[in-house]
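Here is a report on one protein model and its two ligands. It starts at a binding shell and works outward.

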Amino acid sequence: MRAVVTGGSGFLGSHLCERLVARGDEVVALDNFVTGTPANVAHLADEPGFDLVEVDVTRDVTVAGDVDLVLHLASPASPVDYLQLPIETLEVGSIGTMHALALAREKGARFVLASTSEVYGDPAVHPQPESYWGHVNPVGPRGVYDEAKRFAEALTLAHRSTHGVDTGIVRIFNTFGPRMRPDDGRAIPNFIRQALAGQPVTVAGDGSQTRSICYVDDLITGILAMADSEHAGPVNIGNPHELSMTELAEWIIELTGSTSTIRHIARPVDDPTVRQPDTALARELLGWEPQVEIEDALRRTIDWFRSEAQGPRLRARP
Ligand code: NAD
Ligand code: UDP
């Protein structure tokens, strides 16, 4: 099996490449490093079946030889990143997805789109089943990401119905683990970095808003289950373990043994109030459910951040 992973040197992409290589697949990772880094896959560089190619998928997606699977993950994913890169985010979700689908069509490969729980916006239905259409503000700041992903989903289904491409869509809920950029602005890397440094932990608003957080290993198992199936989806992949941002901040302060206090900061515009996946479909179609306990997952992630504190990712911070 030969797989192409767009966004292959990002947080999730690098874990996906690692698991594909470990099971004996050949992997071509495509990335322009806008939010990812080659360091994330440096440990795979000597694997015979692994290639990392610097390419902007909005410009070109050409791969020589056979391809069995295209996993399309390229896109800024942290709100801080996509708010800084609004046009790039819309382009990679639209033009980039078009190119990745064209590659799958040309090669007769299965295509899997990494969509997001953000397609549900600030949800009026809780938890969110795949049948829920969502509550998105197209002209709010998050619209650049949400609408890009909603367009990408529609484009994926159009290629399935019009060109017979074997497509699947996973809607990924908040996922965390090693190799998140400590400064990517998302809650978990922020909280861990701040707690380890003894700085105030920045909780947005009153901290009552919730997220449901999934460990990266579980998430990758879910994406691979979708890739190995023939289902079109969309299928939610996420851990239903829901908690408020105050609970998360307090938990991380406790697990790091930090003396940090909580500092409240402004809540971002259109920040979703709640979010929790309904995972019934993932269980039924893919036999998938998360296995890793969140406390264990947070400990593993904190350990990684601790070791990274000695490494270039944190040292490079201004
Ligand atoms: P990330 O920023 O770490 O990884 C994204 C990767 O895509 C980066 O390596 C980046 O350089 C690359 N990229 C962006 N634009 C590109 C372009 N035009 N050409 C080539 N490469 C490009 O983010 P992540 O958390 O690993 O997210 C990966 C995917 O999963 C994204 O599509 C994201 O929308 C989706 N997702 C992630 C989460 C999560 O919690 N991590 C949740 C929902 C959806
Ligand atoms: N958040 C926070 N402090 C931070 C960063 C984020 O309280 O330093 C909040 C953010 O406002 C949101 C939640 O944490 O309510 C999750 O944000 P994140 O960026 O991790 O993910 P997303 O909003 O994409 O779900």
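Helix H1 (11–22), strand E2 (26–31), helix H3 (86–107) and strand E5 (110–116) each put at least two residues into the shell around ligand 1. Helices (H or I, at least four residues) and strands (E, at least two) are DSSP runs numbered from the N terminus. H1 provides the largest share of that shell, three residues. The shell has 29 residues, and Gly-7, Gly-10, Thr-35, Gly-36 and Ala-77 come nearest to ligand 1. A residue is near a molecule if its C-beta atom, placed from the backbone, lies within 6 Å of it.

The model is predicted: local features need pLDDT of at least 70, side-chain atom pairs count only at pLDDT 80 or more, and totals for chains, interfaces and linings use all residues. Residues are numbered from 1 along each chain as its sequence is written, while chains are lettered from A and ligands numbered from 1 in the order in which they are written.

**Ligand 2**

Around ligand 2 there are 15 residues, the closest being Arg-186, Ala-187, Asn-190, Thr-202 and Ala-204. Helix H5 (187–197) and strand E8 (201–204) are the elements that give two or more residues to this shell. E8 gives the most, three residues.

The table sets out both shells by residue class. Ala, Val, Leu, Ile, Met, Phe, Trp, Tyr, Cys and Pro count as nonpolar; Asp, Glu, Lys and Arg count as charged; the others, Gly among them, count as polar.

| Shell | Nonpolar | Polar | Charged |
|---|---|---|---|
| Ligand 1 | 13 residues | 14 residues | two residues |
| Ligand 2 | six residues | five residues | four residues |

**Overall fold**

The protein has 10 helices and 13 strands. Its radius of gyration is 19 Å, close to the 20 Å that the globule rule gives for 318 residues, so the protein is as compact as a globular protein of that length. The radius is taken over C-alpha atoms, and the rule is 2.2 Å times the number of residues to the power 0.38. Along the principal axes, the C-alpha atoms fill a box of roughly 55 × 45 × 35 Å.

Contacts are mostly long in sequence: among those between residues at least 6 apart, 79% join residues at least 24 apart. Two residues are in contact if their C-beta atoms, placed from the backbone, lie within 7 Å.

UniProt, in an unreviewed entry, places the feature "domain: NAD-dependent epimerase/dehydratase" at residues 4–238. UniProt positions follow the numbering used here, feature names are shortened, and annotations may be inferred rather than shown by experiment. Over residues 4–238 the chain is 36% helix and 19% strand.

**Core and burial**

Buried residues make up 48% of the 318 residues. A residue is buried if 20 or more other C-beta atoms, placed from the backbone, lie within 10 Å of its own, exposed if 12 or fewer, and partly exposed in between.

The largest nonpolar core has 80 residues, and Cys-17, Val-70 and Ile-223 have the most contacts inside it. Helix H6 (residues 216–227) supplies the largest share, seven residues. Such a core is a set of buried Ala, Val, Leu, Ile, Met, Phe, Trp, Tyr and Cys residues joined through C-beta atoms within 7 Å. Beyond four places in sequence, Val-70 touches Val-4, Ala-100, Leu-103, Ala-104, Ala-109 and Phe-111.

**Two loop glycines**

Gly-233 lies in the loop between H6 and strand E11 (235–237). Gly-233 counts as buried because it has 24 C-beta neighbours inside 10 Å. Gly-287 sits in the loop between helix H8 (280–286) and helix H9 (294–308). With 9 such neighbours inside 10 Å, Gly-287 counts as exposed.
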